[in-house]
Amino acid sequence: MAITTYNELKTAVYNWLHRDNISTYIDDIIMTGEKWIFRNARTRDMEEELNVAITSGLAAIPADYVALKHAYIDGTPTSQLEFTSTPVVFAKYPNRSDSTKPKLFSVDGDNFIFGPWGGSSYTMKGTYYKRLTVVSSSANALFTNNPDLYLFAALAESQSFLVGQEKRILLWTQKRNEILAMVNGDNQAGRSADAMRMMLA
């Protein structure tokens, strides 16, 4: 059967598990599977433009931020930013009033911090991975493009309910991992192909 909605996903998980006593827990099983996906997936469906002003050496982290793909300081020319730990930023650039263009950045609480400090004259741009809407609320792009990932992620999380079914759980877990590797790999391959086309144009 096609899986295009949350209810269809619930039905598919129920049919694969084939356990009458598990229907009450289907939502929880899907939720834990989705949390695993969000922790491990880094795909084009999750990408969002980063464009934040640096003010007094700080730039606010977007509310839906999960992880960073790349970042740079806007300008002519642009300047790539290198991620490092917060202690390294403070150790290498203890002068927290140096308005020189930043080279390093890190995460401190709800903000990006920089080294050099950077003042208020620069803008940080790039691409980050955003937190997607949970599938129980609406069908996000990752689910729409990869319903099989959601199915096997949920099945892999059903181990608490399938005592003595270790072989099935292992097969589902392997399938989940294989699909995720392909999804993440497609993202990287697509970017490489885009770069190659640009070089040949």
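In this predicted model, helices α1 and α5 are oblique to each other, because the angle between them, about 50 degrees, falls in none of the ranges that count as roughly parallel, roughly antiparallel or roughly perpendicular. Helix α1 also packs against helix α2, and there the two helices are roughly perpendicular. Beside these helices, the model holds an open sheet of 4 strands with antiparallel pairing, and an open sheet of 4 strands with mixed pairing.

**Helix α1 against helix α5**

- Helix α1 covers residues 6-17 and helix α5 covers residues 147-156, and where the two pack together their axes lie 10 Å apart.
- The way in which α1 passes α5 is a right-handed crossing.
- On the side of α1, the residues that meet α5 are Leu9, Ala12, Val13, Trp16 and Leu17, while α5 contributes Tyr150, Leu151, Phe152, Ala154 and Leu155.
- Sorted by class, this contact of α1 with α5 consists of 10 nonpolar residues, with no polar and no charged ones.

**Helix α1 against helix α2**

- Helix α2 spans residues 26-40, and its axis comes within 10 Å of the axis of α1, with a crossing angle of roughly 105 degrees.
- Because angles of 65 to 115 degrees count as roughly perpendicular, α1 and α2 are described in that way.
- From α1, the contact draws on Tyr6, Leu9, Lys10, Val13, Tyr14 and Leu17, and from α2 it draws on Ile26, Asp27, Ile29 and Ile30.
- The residues of this contact of α1 with α2 divide into 8 nonpolar and 2 charged, with no polar residues.

**The antiparallel sheet**

- Its strands follow one another in the order β1-β8-β3-β4, and the sheet is an open one.
- Strands β1 (47-53) and β4 (79-80) stand at the edges, and since each has a single partner strand, one side of each is left without a neighbour in the sheet.
- Strand β3, which runs over residues 65-73, pairs with strand β8, residues 123-130, through 7 bridges in the antiparallel sense.
- Within this pairing, tyrosine 65 has lysine 130 in β8 as its bridge partner, and tyrosine 72 has lysine 125 in β8.
- Strand β3 also pairs with β4 in the antiparallel sense, over 2 bridges, and here the bridge partner of isoleucine 73 is serine 79 in β4.
- Strands β3 and β4 form a hairpin with 5 residues between them, and in its turn glycine 75 has a positive phi of about 150 degrees.

**The mixed sheet**

- The order of the strands in this open sheet is β2-β7-β6-β5.
- The edge positions belong to β2 (58-60) and β5, and because each of these has a single partner strand, one side of each lacks a neighbour in the sheet.
- Strand β5 pairs in the parallel sense with strand β6, residues 104-108, over 2 bridges, and glutamate 82 stands opposite leucine 104 in β6.

**Threonine 84, in the loop after β5**

- Threonine 84 is found in the loop between β5 (82-83) and α3 (86-92).
- The relative accessibility of threonine 84 is 16%, and it therefore counts as buried, since the cut-off for that word is under 20%.
- If residues up to four places away in sequence are not counted, threonine 84 touches Val89, Leu104, Phe105 and Ser106.

Technical notes:
Residues numbered from 1 in each chain as written. Predicted model: local features only at pLDDT ≥ 70, side-chain atom pairs only at ≥ 80, totals over all residues. Heavy atoms only, no water. Axes fitted to C-alpha atoms, helices over the stretch in contact; angles between N-to-C directions. Parallel < 35°, antiparallel > 145°, perpendicular 65-115°, else oblique. Left-handed = near helix turned anticlockwise from the far one by under 90°. Contact = heavy atoms within 4.5 Å. Nonpolar A, V, L, I, M, F, W, Y, C, P; charged D, E, K, R; others polar. Pairing = 2+ DSSP bridges. Buried < 20%, exposed > 50% of the residue type's maximum accessible area, 1.4 Å probe, protein only.
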